[in-house]
Amino acid sequence: VDIAGASFAAIWEPDGYGDLVLTGHAGSEIGRVRFRGALSLSAPYFSADAPNDPGLPRDDVRRAGVVSMLFEPIVRGDATVGLLSVGWDRPVDGLDQPTAHAVALLASEAAVAIERADLLAGLSRMAETDELTGLANRRAWDETIRRAVGYARRTHRPLCVAVVDLDLFKAYNDAHGHQAGDRL
């Protein structure tokens with residue numbers, strides 16, 4: 001916002017249904033703007049007259065009070081994983097190179113931050129699931145049972161726990177091998 005002299009800057013990420021939704025912003029509140037199909041954007045896009053730009057959601061842009069906008073794709077590998085947008089509540093005829101470069105650099109940093117968050121989420125899932133079955137492991141069990149017991153105590157509701165055990169599983173592994181046990 002400060003670098004561009006803009007009224008807001010925002011990061012938009014896919015919602016899983018084909019729209020981009022706001023996941024972070026700085027500056028003035030821009031309300032609820034939804035972009036459809038914007039992940040096909042592969043290069044920066046600047047609109048000097050955003051409220052009348054046929055490629056933008058005109059009603060949402062007008063409601064947000066935006067006059068000019070810049071969209072910088074957030075790219076990871078060959079895929080656009082989000083957009084960094086910068087908006088002005090006044091007309092901006094064009095972008096100077098330092099602003100364009102700074103926004104491109106910030107979009108690159110956002111890509112790294114998104115990738116890091118995805119990796120951490122993946123590591124967390126890996127730490128809480130059994131690789132073979134995909135079921136929750138003991139670490140996840142301990143956390144889930146702790147929360148469930150706490151909830152049952154707070155709400156005075158009953159708690160039921162079911163455990164499944166395969167009898168003689170070690171003997172099966174010993175007789176048929178660990179790969180057969182894994183398949184079982």
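Is Arg146 buried or exposed? Arg146 is exposed, with a relative accessible area of 52%. Here buried means under 20% relative accessible area, exposed means over 50%, and partly exposed lies in between (1.4 Å probe, protein chains only).

The model is predicted: local features need pLDDT of at least 70, side-chain atom pairs count only at pLDDT 80 or more, and totals for chains, interfaces and linings use all residues. Residues are numbered from 1 along each chain as its sequence is written, and side-chain values use heavy atoms, with hydrogens and water left out.

The interior is described first. A nonpolar core is taken as a set of buried Ala, Val, Leu, Ile, Met, Phe, Trp, Tyr and Cys residues joined through side-chain atoms within 4.5 Å. The largest such core has 15 residues. Within this core, Ile74, Val86 and Trp88 touch the most other members. Strand 5 (68-76), strand 6 (79-88) and helix 2 (97-128) each give two or more residues to the core. Helix 2 gives the most, with 5 residues. Helices (H or I, at least four residues) and strands (E, at least two) are DSSP runs, numbered from the N terminus. Apart from this core lies another, of 12 residues. Its members include Ala10, Trp12, Val61 and Phe71.

Ile74 has contacts in several parts of the chain. Contact means heavy atoms within 4.5 Å. Neighbours within four places in sequence are left aside. Among the residues that Ile74 then contacts are Ile11, Ala79, Thr80, Val81, Gly82, Leu83 and Leu84. Ala107, Ala110, Ala111 and Ile114 are also in contact with Ile74.

Strand 6 pairs with two other strands. Two strands count as paired if DSSP finds at least two bridges between them. Strand 5 and strand 6 run antiparallel and are joined by 9 bridges. Ser68 has Trp88 as its bridge partner in strand 6. The two strands, 5 and 6, form a hairpin with 2 residues between them. Gly77 in the turn has a positive phi of about 65°. Strand 1 (residues 8-14) also pairs with strand 6 in the antiparallel sense, over 5 bridges. Here the bridge partner of Ile11 in strand 6 is Leu84. Of the 10 residues of strand 6, 9 are buried, so this strand is largely enclosed by the rest of the structure.

Aromatic rings were examined next. Rings of Phe, Tyr and Trp (its six-membered ring) pair if their centres lie within 6.5 Å; planes under 30 degrees apart count as stacked, over 60 as edge-to-face and the rest as tilted. By this rule there are 2 aromatic pairs. In one of them, the ring centres of Phe46 and Trp88 are 6.2 Å apart and the planes stand at 70°, so the pair is edge-to-face. Phe46 lies in strand 4 (residues 45-47) and Trp88 in strand 6, so the pair ties together parts that are 42 residues apart in sequence. Trp88 is buried, at 2% relative accessible area. Phe46 is partly exposed, at 24% relative accessibility.

Charged side chains were then considered. Side chains of opposite charge can pair when their charged atoms come close. A salt bridge is a side-chain nitrogen of Lys or Arg within 4 Å of a carboxyl oxygen of Asp or Glu. The structure holds 5 salt bridges. One of them joins Arg138 and Asp142 (3.8 Å, N to O). Both residues lie in helix 3 (residues 138-155), 4 residues apart, about one turn of the helix. Arg138 is exposed, at 66% relative accessibility. Asp142 is partly exposed, with a relative accessible area of 36%.

Arg146 and Glu143 also meet in a salt bridge (2.6 Å, N to O). In helix 3 these residues, Arg146 and Glu143, are 3 residues apart, or about one helical turn. Glu143 is partly exposed, with a relative accessible area of 31%.

Helix 4 (residues 169-176) holds Asp174 and Lys170, which are 4 residues apart, about one helical turn. Asp174 forms a salt bridge with Lys170, and the closest N and O atoms are 2.9 Å apart. Asp174 and Lys170 are both exposed. Elsewhere, salt bridges that share partners join Glu143, Arg146 and Arg147 into one network.

Asn173 also has its place in helix 4. Asn173 is buried, with a relative accessible area of 12%. Not counting residues up to four places away in sequence, Asn173 touches His178 and Gly181.
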